[in-house]
Every structure is written in structure tokens, then in C-alpha cells.
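Work through the exercises below with the sequence and the model open. Each task is followed by a solution in steps.

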Amino acid sequence: MIDLKVIAFNGSPRINGNTAQSLQIVLAELEKEGIETEFIQLGGRKVFGCLACGKCWETKDNRCIRQDDEMNTFIQKMIEADGIIIGSPTYFSNVSTEVKALIDRCGFVAKANGGDMLRGKIGAAVVAVRRAGATFTYSAINFFFGIAEMTIPSSHYWNMTLALNPGDVQKDEEGIATFQTLGKNMAELLKQVRG
């Protein structure tokens, strides 16, 4: 059995908000299975959108040409991980700005480098929402995993919580159970595919 690692990006600027707490529920299940985890605070960080400059198609070095933010650090962490979880709050029926920047820039770099940078990795979406729009956010993240040829584990419901104020996820019994099942299923899939 090889060592396995999962990284989780919190796309919410709320450091301990519902998205972060939801991610921690999933990570706890992975850790119970002996899988190393790393939590990365993405929301609120200095990251920029893709410039569509095409330089990654010229350099083909698994990096974005931009050097004015932390995106290449995040891309490198994704390359090194066996599993990737992207968590996002729902902003007007879609992902946060920081998550969109991560998806776009990592996605372009992956495609520019032959498309196999993320192939075969395990990817899971985690979504926090006040009331509606979560399935669009969930889909946006999973579309990224799909086009990157990653494998997506499931749970017994879509990976989301109905929560408004920080900590409300702790009152969402179905949401907690969904995230726990996701963590268990992701661990099992990682061991089957990557172990």
C-alpha cells in the first residue's frame, strides 16, 4: 500500500464558515482511513483569473505564466495529490471567484500539457448554500473534474449542506451524513484506484 494524500481547497473567504467545516467533516473520514490530508485556504487569497494568453501552451511546464499570485503553488499541490476536494459556497448559483480562477487556470495548464496532469486522480466537490443554486455550483466543480479525466466519488446525496450562518452545517444532520459518506467512499476509491 502506498501513501495517499488528499488536498482540500476552501473556496470560501470565511476561514471557519460552513464550507470549511463541511470540508473538515470529509477530511476526518479520510484521516480515519489513514489517508494524509491538507487543508488549503483559497477563499480570500490573492488569485487572478485566466488571461487566455496561451503561454502555457508554449512553455508546457505544468505552470501558469503568471507570477503575480499563488496559483502555481496550488497547481503544484494538485499535481502531487492523489485526491482533490474543492469546496465552495454558492454565490449567485455558482462557485466563488477564487474557485473559478483555480478551475480555469489549472484546467488550461492541464490541457496545455497534454491533458494528463490530473488524469486518474480522485476529485470531489463540497458545497455550502443558504437555499438554492447548490446543484449549479456542484456541477461546475464536477465539470472540471470530468474534463480533467478524474474519477468522481459519490455519496448518498449531492455533496451539499443547507447552511447560512457559520456553524449552521453542524445542525444539518443529512448534510453531515452526506459528507461522512463522501469521505468513506473517497477513501475506498483512492485505495482501489491509487493504492
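For residue classes, Ala, Val, Leu, Ile, Met, Phe, Trp, Tyr, Cys and Pro count as nonpolar, Asp, Glu, Lys and Arg as charged, and the others, Gly among them, as polar. This is a predicted model, in which local features need pLDDT of at least 70, side-chain atom pairs count only at pLDDT 80 or more, and totals for chains, interfaces and linings use all residues. Residues are numbered from 1 along each chain as its sequence is written, and side-chain values use heavy atoms, with hydrogens and water left out.

**Exercise 1. Describe the second largest pocket and its lining.**

Step 1. A pocket is an open set of points on a 1 Å grid over the protein atoms alone, where a 1.4 Å probe fits, with protein on both sides within 12 Å along at least five of seven lines; lining residues have an atom within 4 Å of a point.

Step 2. The volume, the space filled by probe spheres set on the points, is about 240 Å³ for the second largest pocket.

Step 3. It is lined by 14 residues, and Ile103, Ala140, Phe143, Phe144 and Ile147 are the closest to its centre.

Step 4. Helices H4 and H5 are the elements that give two or more residues to this lining; H4 gives the most, with five. Helices (H or I, at least four residues) and strands (E, at least two) are DSSP runs, numbered from the N terminus.

Step 5. Sorted by class, the lining holds nine nonpolar, three polar and two charged residues.

**Exercise 2. Find the buried residues of helix H3 and say what they pack against.**

Step 1. Buried means under 20% relative accessible area, exposed over 50%, partly exposed in between (1.4 Å probe, protein chains only).

Step 2. In H3 (residues 71–80), the buried residues are Met71, Asn72, Phe74, Ile75 and Met78.

Step 3. Seen down the helix axis, these residues fall within an arc of 160°, so they line one face of H3. The arc is that of the directions from the axis to the C-beta atoms.

Step 4. Their packing partners are strands E1 (5–10), E2 (36–41) and E3 (83–89), with helices H4 (97–112) and H5 (134–147). Contact means heavy atoms within 4.5 Å.

**Exercise 3. Is Ser22 buried or exposed, and which residues does Ser22 touch?**

Step 1. Ser22 lies in helix H1.

Step 2. Its relative accessible area is 0%, so Ser22 is buried.

Step 3. Not counting residues up to four places away in sequence, Ser22 touches Val126, Thr161, Val169 and Phe179.
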